[in-house]
Amino acid sequence: MTLRAAVTLAVLGLSATALAEDPRQLVKLPAPAEETLRQEMRDNLVALNEIITLTVAGKVKEAGVVAEKKLGTSTMGQHRTKPLEARPGPHMPPAMHEVGRQGHQAATAFAGVAATGDREKALALLPTLNAACISCHLAFRVR
Ligand code: HEC
């Protein structure tokens with residue numbers, strides 16, 4: 001066997017092991033629902049950065065408005081008008097759905113505090129916006 005073939009085999013073996021050991025639960029979504037989910041996720045990331053940037057800059061009330069509008073409970077059911085196969089929520093196991101709900105609730109709680117303009121309190125709550133993102137990503141995957 002050439003060295004190159006041996007290295008290739010070793011790398012393939014490693015990645016197969018890594019896949020076998022992935023502890024996240026695989027949630028099979030219909031392709032259109034996966035597309036909706038991933039688009040929403042990329043928007044989430046942008047929203048999170050917008051909220052952090054505004055809060056750090058002292059524009060706390062604006063940060064709260066963005067948090068509610070883009071991540072808060074008012075966004076729940078945002079895909080309701082799409083065909084069922086393009087809606088991520090109904091295809092999620094209950095535990096995954098629940099983490100999603102907690103994320104929306106954390107954003108709404110942040111928005112409530114930010115609406116008072118209290119920068120210290122808003123800063124202290126910033127990490128809670130990320131908590132559900134982390135819990136869900138560590139527990140679930142779609143591919
Ligand atoms: C209820 C579960 C859940 C929550 C909550 C959640 N995500 Fe995700 N996210 C996922 C899943 C599932 C994927 C796809 C992982 C995979 O590829 O298997 C994903 C993928 C992503 C991606 C990659 C998108 C792409 O194009 O592949 C980004 C970015 C992301 N999430 C950001 C966030 C941010 C930021 C938050 C919090 C504001 C968040 N997510 C909250 C479940 C969640």
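This passage describes the fold of a predicted model, the site of its ligand, and several individual residues.

The protein contains five helices and two strands. Read from the N terminus onward, these elements follow the order α-β-α-α-α-α-β. Of its 143 residues, 29% count as buried.

The ligand occupies the largest pocket. Its surroundings comprise 16 residues, of which Met-41, Arg-42, Cys-133, Cys-136 and His-137 come nearest. Three helices, namely H2, H4 (94-114) and H5, each contribute at least two residues to the shell around the ligand. Among the contributors, H2 gives the most, with seven residues.

The ligand carries an iron atom, for which the protein provides two donors: the SD atom of Met-41 and the NE2 atom of His-137. These donors lie 2.0 to 2.2 Å from the iron atom. The site has six donor atoms in total, and the angles among them range from 83 to 179°. The geometry of the iron site is accordingly classed as octahedral. Met-41 belongs to helix H2 (residues 31-56), whereas His-137 belongs to helix H5 (residues 119-139), so the pair ties together parts of the protein that are 96 residues apart in sequence.

Neither protein donor falls in the buried class, for which the relative accessible area must be under 20%. Met-41 has a relative accessible area of 33% and is therefore partly exposed. His-137 likewise counts as partly exposed, because its relative accessibility is 47%. Both assignments concern the protein chains only, so the ligand itself does not enter into these values.

Polar contacts with the ligand were also identified. A polar atom in the side chain of Arg-38 lies 2.7 Å from an oxygen atom of the ligand. For Val-142, the atom concerned is a backbone N or O atom, which lies 2.7 Å from an oxygen atom of the ligand. His-137, already named as a donor to the iron atom, also has a side-chain N or O atom 2.8 Å from a nitrogen atom of the ligand.

Two consecutive positions at the start of helix H2 were examined next. Pro-30 is located in the loop between strand E1 (25-26) and H2, while Ala-31 lies in helix H2. With a relative accessibility of 25%, Pro-30 counts as partly exposed. Ala-31, by contrast, counts as exposed, with a relative accessibility of 60%. For each of these residues, a partner distant in sequence can be named. Pro-30 and Leu-84 are 54 residues apart along the chain, and their C-alpha atoms are separated by 9.4 Å. Ala-31 and Pro-88 are 57 residues apart in sequence, with 9.8 Å between their C-alpha atoms.

Helix H2 also includes Asp-43. The relative accessibility of Asp-43 is 44%, so this residue counts as partly exposed. Its C-alpha atom is separated by 9.4 Å from that of Leu-71, a residue 28 positions away along the chain.

The final part of the description concerns strand E2 and the segment after it. Arg-141 lies in strand E2 (residues 140-141). Because its relative accessibility is 19%, Arg-141 counts as buried; the limit for this class is under 20%. Arg-143 is placed in the segment after E2 and is exposed, with a relative accessible area of 59%. The two arginines are linked by a polar contact, in which a polar side-chain atom of Arg-141 lies 3.1 Å from the backbone oxygen of Arg-143. Arg-143 also has a partner far away in sequence: Glu-34 is 109 residues from it along the chain, yet the C-alpha atoms of the two residues are separated by 9.2 Å.

Technical notes. Residues are numbered from 1 along each chain as its sequence is written. This is a predicted model: local features need pLDDT of at least 70, side-chain atom pairs count only at pLDDT 80 or more; totals for chains, interfaces and linings use all residues. Side-chain values use heavy atoms; hydrogens and water are left out. Donors are N, O and S atoms within 2.8 Å of the metal (3.2 Å for Na, K and Ca); water is not among the atoms, so sites may look incomplete. Four donors count as tetrahedral if all angles lie between 85 and 135 degrees; four count as square planar and six as octahedral if opposite donors are over 155 degrees apart and all others between 65 and 115; anything else is irregular. Helices (H or I, at least four residues) and strands (E, at least two) are DSSP runs, numbered from the N terminus. Buried means under 20% relative accessible area, exposed over 50%, partly exposed in between (1.4 Å probe, protein chains only). A residue is near a molecule or strand if one of its heavy atoms lies within 4 Å of it. A polar contact is a pair of N or O atoms within 3.5 Å; within protein, one must be able to donate a hydrogen and the other to accept it, and residues adjacent in sequence count only if both atoms are side-chain atoms. On a 1 Å grid over the protein atoms alone, a cavity is a set of points where a 1.4 Å probe fits but cannot get out, and a pocket is an open set with protein on both sides within 12 Å along at least five of seven lines; lining residues have an atom within 4 Å of a point. A molecule sits in a cavity or pocket if more than half of its atoms lie within 2 Å of its grid points.
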